[in-house]
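Colleague: Could you take me through this model? I should like to begin with the sheet.
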Amino acid sequence: MKTKNNTLLYILFVAFFAILLPAGYLAGLLSVNTISVWGRYFCFAIAALGIDLIWGYTGILSMCQAFFFCLGSYGIAMHLLLKKTVASGATLPDFMAWNKIDTLPFFWQPFHSFGWSVVLCLLIPAAFAFIIGLVLFRSRIKGVYMAIITQALTLAMWLIFLRNETNLGGTNGLTDFNSILGYSLSSSSVKLALYLVSLTVLCSAYYCCYRITHSKFGKVLQAIRDSESRVSYTAYKVEDYKLAVFVVAALLAAVGGMLYLPQTGIITPGRMDVKASVEMVMWVALGGRGNLKGAVIGALLVNFLYSICTSLFPDSWLFILGFLFVITVLYFDKGFMGLGDIIRQKFSATRLKTSQTH
Amino acid sequence: MLLNVNNLSVSFGGVHALNLDHFSLRDKELRVIIGPNGAGKSTFLDIICGKTKADKGDITFNGKSILGKSEVKIAEAGIGRKFQKPSVFPGLTVYDNLLLAAKMKKDIFTSLFFKSTPALEEKIHQVAVKLSLTNVMYKPAGDLSHGQKQWLEIAIVVLQDPTLMLIDEPAAGMSDEETEKTGALLLELSKSHSIIVIEHDMKFVEQIANELVTVLVRGKRLTEGTFAEVKNDQRVIDCYLGRTNAQLETL
């Protein structure tokens, strides 16, 4: 019964986003910007899957996923900017010239090549996650302390990225790209292609996460969430498991960031400020943590709401989000997905009652 | 001797929780430890399984020192622990609880690509039958009754197949019938495992204590003997009834 429901949900999801939306665009009912906006939401959903793995399943509240997301975005942004600079005959991106820098900083060099950029976009977040995780998990830092430390780390990184001396564009971030792999970013077909790539990556990421959570590895993660000490006494090396899932979550965030960049055309440190990193966790909280579908739906729905609310009531988005969050915590702690279950239960209960009275 | 403990001491904030001069356990022996509240019984097991770090002393298990090793190392060496307060994985089903416990390689990659085998299923099933868990196999462990959780935790320890089982108050919160069944099970397990049991329920102790009983009082070993000897020892009676006794005072 449950698997049947799942399959139906998957088919509906894919049919809607892979067929209906593009068809709507081709028929001229939707603008290409709408398509692009959903493509961006898919990137957030990919990152949300990672948050669900580390927080929903393993119970580690990591507030630095926004930082990993930005690492992915910045990597691709550096590549695109270099390509544009070289094409225009200059040696340095504009902002560096304005900052009176005469040689390209060493860490920009590998980003000339697309291949290296992709590798580094994955390798750097993974390495960061590995080192952070190694230190934190070895020192047995848990619960709220983990959240505080990772949030502080994100804040520190945000401050570093804000500085002009970091040579990553400072407050303005990196922007003004024109093409990716030779295709113009402003063309509608490239936008549609990026949308479809994001959707495909989201679906494959979902599949991988599904396999992970349904393997014995996933059960160990849940066991760590429930009773960490019992897992150690059962001879599992808890730190190894936490470290592995932290790296996987960082990679998912980075992949989301990589796909996000060409679809928005700008990345600034604002993507990893405190508000952004809390918001990412909220997608999963509202969608339903410990539930992969919840993470995806949460990320898509919250961002969709965001775009509606910011155009209707521009100043009150944070109040609306906060209100939703309070309601979720108070009344349905399993999020939107849990809400579905509650309604289904109520429905079947009333049906049972009516069938009994007849 | 399977387990040898010498001059083990630990104190919490200046209070000597445990000050054990000597303790040893034979292979396949079932030992019961009794003593009034605060005697250091659970602390003793905590130190053996690596939960609490001792201030000084030494513990050898199977000829190797295990003091100060991590919980995982100690578990791998073959020591399994059941806690006083049942510690299971409430969000997982009973079956998953048992599956995670079962003895096998437990690194990340083995877990990621794990495929169950008929032999393993059979083993899990046998243990579940032994502990009457078969009809709740696919229920979340958090929904079980207290007694069932106790059994589930014992099942977890059994599936780990340790050489030494440390069982802390297995009969707490159980009905008489359940208690007796638990006792019978421990006796059966003692044929193939060494077991240390902590218990307050004297009827239960009488049922399982075929060999030695150790009495701990205020972190020290008061006496060691058969259940009959211990039961009739005036000092033991006094410390349980809270009567002052000259010999106790000198301890």
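Modeller: Certainly; please bear in mind that the model is predicted. In chain B, six strands make up an open sheet of mixed pairing, in the order 6-7-8-3-9-10.

Colleague: Which strands stand at the edges?
Modeller: Strand 6 (79-82) and strand 10 (220-225) of chain B do; each has a single partner strand, so one side of each is left without a neighbour in the sheet. From one strand to the next, the twist averages 20°.

Colleague: In what sense do strand 3 and strand 8 of chain B pair?
Modeller: Strand 3 (residues 30-34) and strand 8 (residues 194-198) of chain B are parallel, with four bridges. B:Arg31 stands opposite B:Ile196 of strand 8.

Colleague: What does helix 7 of chain B lie across?
Modeller: Helix 7 (residues 176-189) of chain B lies across strand 3, strand 7 and strand 8 of that chain, at about 150° to strand 8. Helix 6 (residues 146-160) of chain B lies across strand 6 and strand 7, and runs at about 175° to strand 6.

Colleague: Turning to chain A, where does helix 2 bend?
Modeller: Helix 2 of chain A bends at A:Ile51, by about 30°. Its 26 residues (32-57) reach 36 Å between the first and last C-alpha, close to the expected 38 Å.

Colleague: Is helix 2 of chain A mostly covered or exposed?
Modeller: Mostly covered, as 22 of the 26 residues in helix 2 of chain A are buried.

Colleague: And how many residues does each chain bring to the contact?
Modeller: Chain A brings 21 residues and chain B brings 23. On the chain A side, helix 8 supplies the largest share, eight residues.

Notes
Residues are numbered from 1 along each chain as its sequence is written. Chains are lettered from A and ligands numbered from 1 in the order in which they are written. This is a predicted model: local features need pLDDT of at least 70, side-chain atom pairs count only at pLDDT 80 or more; totals for chains, interfaces and linings use all residues. Helices (H or I, at least four residues) and strands (E, at least two) are DSSP runs, numbered from the N terminus. The expected span of a helix is 1.5 Å times one less than its number of residues. The bend at a residue is the angle between axes fitted to the seven residues ending there and the seven starting there. A residue is buried if 20 or more other C-beta atoms lie within 10 Å of its own, exposed if 12 or fewer, and partly exposed in between; C-beta atoms are placed from the backbone. Two residues are in contact if their C-beta atoms, placed from the backbone, lie within 7 Å. Two strands pair if DSSP finds at least two bridges between them. Axes are lines fitted to C-alpha atoms, for helices over the stretch in contact, and angles run from 0 to 180 degrees between N-to-C directions.
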